[in-house]
Every structure is written in C-alpha cells, then in structure tokens.
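Let's work through a few exercises together. Keep the sequence and the 3D view open beside you, and try each task before you read its solution.

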Amino acid sequence: METTPAIQDYLGAIYDLAGSNQPVIGARLARHMHVSAPSITEALRRMQREGYVKVADKKEIRLDWSRAHDEAHRLEHALSPVVEERLAEMLGMPSTCPHGNPIPGMPQPEAHNPIPLSQATKGQALVVERITEEAEADRQLLHFLWESGVRPGAKLTVTEVAPYAGTISVLLNEKTVTMGFAAAHKIWVYDPQQLSPPRRAARGRASRKATA
C-alpha cells in the first residue's frame, strides 16, 4: 500500500502533536494543519481503514504501533545518509527502535540481562525490554501485543506457566494476558533488580530503523 503525500502530512502532524504529551484529537489536528473539521474526519476514516491510526477513548488519535516495522522497511530504500542522520537527530538519537531493539551505530541501551518471557517462572515481576525482530515481522502478533499493553517498559507479573497447554499468563495493568510459548519466546523481559554494568557505545552510522 502506497502512502500518499497527504497521508504523510497527517501522520507527521499527529506525531508532532503527540510529542506535547497532550491527547491528540481531531480539533487539535485541524487547528494545527489549518484544515476544516470535515476534512480531518474524512482523513481519519481513511487512515483508520488503512491501519495507520487508531481512535481510542475520548476520540484520542494514536499512531498504529504495529505498522512501524512496515514503514521502516519502506523508508529503508528511500533515505539518503544525510536525511537518515537528520531524522536520528530530530528523534533525539534513540538507542532503540519503537519495539525496543538496539539501533546499530547508536549509543547502546542499558544492559538488562534479558530472557525470553517463555523462560520466566510463576511469580516473577519483570519489565519488557524488547519485542524481537522476528516478532516485528508478524503484524498480527504486534497488534495483539499492542492491544494487550505488552511493549517496552511495561511491568508485568507472571501468574501462570502451563506447559500442558503451552501457554503463559501475566498480569499487566490489572489485566491477565495469556499467550502461547511461541509468542512469549519473542518477547524479552528482565528483572529490574538485576541490572548489568553499562554497555560501551557502538560506533558507526545510525540505522534507518531509527525512523520507525
């Protein structure tokens, strides 16, 4: 699916407004872009149909996290090194992509001694470090994880490990989330009480993944 210039403008405006830590709603977007309310409504309908945004409670507009990997791949072959570096600077030189995976050439993220969630034991209180690149390729899984609140930085407690059923359950945001071991193996978590010494910064140019 091609992203039209108009849609790119809307997505860029939503991203900019989201950085203010205030809910992004249609009225704010219309004022920011100097367009009419009906135009915003129609654009949002299209972007929802095509999976670019979600409209949550209280009409808050959110970019679809599960599409970040797809868009990064589209941009990978379209950016020059100069634009790539500029984007990294604008994003604050992030050390990881939105799914928590390290970006080659950027400062290394804090070391956490992570393990796959599938190896966790009942009762462990853990923090999600990253969603692996293997999981990034599975858009359906990414959507499930986003809807369930499983994302980098999320705190969870393992409530059940059921080898007979091939599932693991965690308590996250006062809600129980159950998934198969195959999915849990693609989610890396760590014990916040057991951190490793800081890593040395990596050298080299930032990966285009920083733009996701």
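Two strands count as paired if DSSP finds at least two bridges between them. Please remember throughout that this is a predicted model.

**Exercise 1. Find the bridge partner of Leu171 in S7, and describe how S6 and S7 are joined.**

Step 1: Look across from Leu171 into S7, where its bridge partner is Thr176.
Step 2: Take in the whole pair: 6 bridges join S6 to S7, and the two strands run antiparallel.
Step 3: Now look at the turn. The hairpin of S6 and S7 has 2 residues between the strands, and Asn173 there takes a positive phi near 55 degrees.

**Exercise 2. Work out the order of the strands in the open sheet, and say which strands stand at the edges.**

Step 1: Start with S3, residues 115-116, which is joined to S8 by 2 bridges in an antiparallel arrangement. Here Pro116 has Trp188 as its bridge partner in S8.
Step 2: Turn to S4, which is also antiparallel to S8, with 4 bridges joining them. In S8, Trp188 is the bridge partner of Arg130, and Tyr190 stands opposite Val127.
Step 3: Put the sheet together: its 6 strands follow the order S3-S8-S4-S5-S6-S7, with antiparallel pairing.
Step 4: Read off the edges. S3 and S7 each have a single partner strand, so one side of each is left without a neighbour in the sheet.

**Exercise 3. Identify the elements that contribute to the largest nonpolar core, and place H7 relative to the strands.**

Step 1: The largest nonpolar core has 22 residues, and those with the most contacts inside it are Leu117, Val128, Ile131, Met179 and Ile187.
Step 2: Elements that give two or more residues to this core include strands S4 (125-131), S5 (155-162) and S6 (167-172), as well as helices H7 (139-148) and H8 (181-184).
Step 3: Follow H7 over the sheet: this helix lies across S4, S6, S7 and S8, and runs at about 160 degrees to S7.

**Exercise 4. Decide how much confidence the predictor has in this chain.**

Step 1: Begin with the overall value: the mean pLDDT of the chain is 77, and 68% of its residues reach 70 or more.
Step 2: Then check residues 200-212, where pLDDT stays under 50. For this stretch the model has 39 contacts beyond four places in sequence.

How values were computed: Residues numbered from 1 in each chain as written. Predicted model: local features only at pLDDT ≥ 70, side-chain atom pairs only at ≥ 80, totals over all residues. Heavy atoms only, no water. Core = buried A, V, L, I, M, F, W, Y, C linked by side-chain atoms within 4.5 Å. Buried < 20%, exposed > 50% of the residue type's maximum accessible area, 1.4 Å probe, protein only. pLDDT = per-residue confidence, 0-100. Contact = heavy atoms within 4.5 Å. Axes fitted to C-alpha atoms, helices over the stretch in contact; angles between N-to-C directions.
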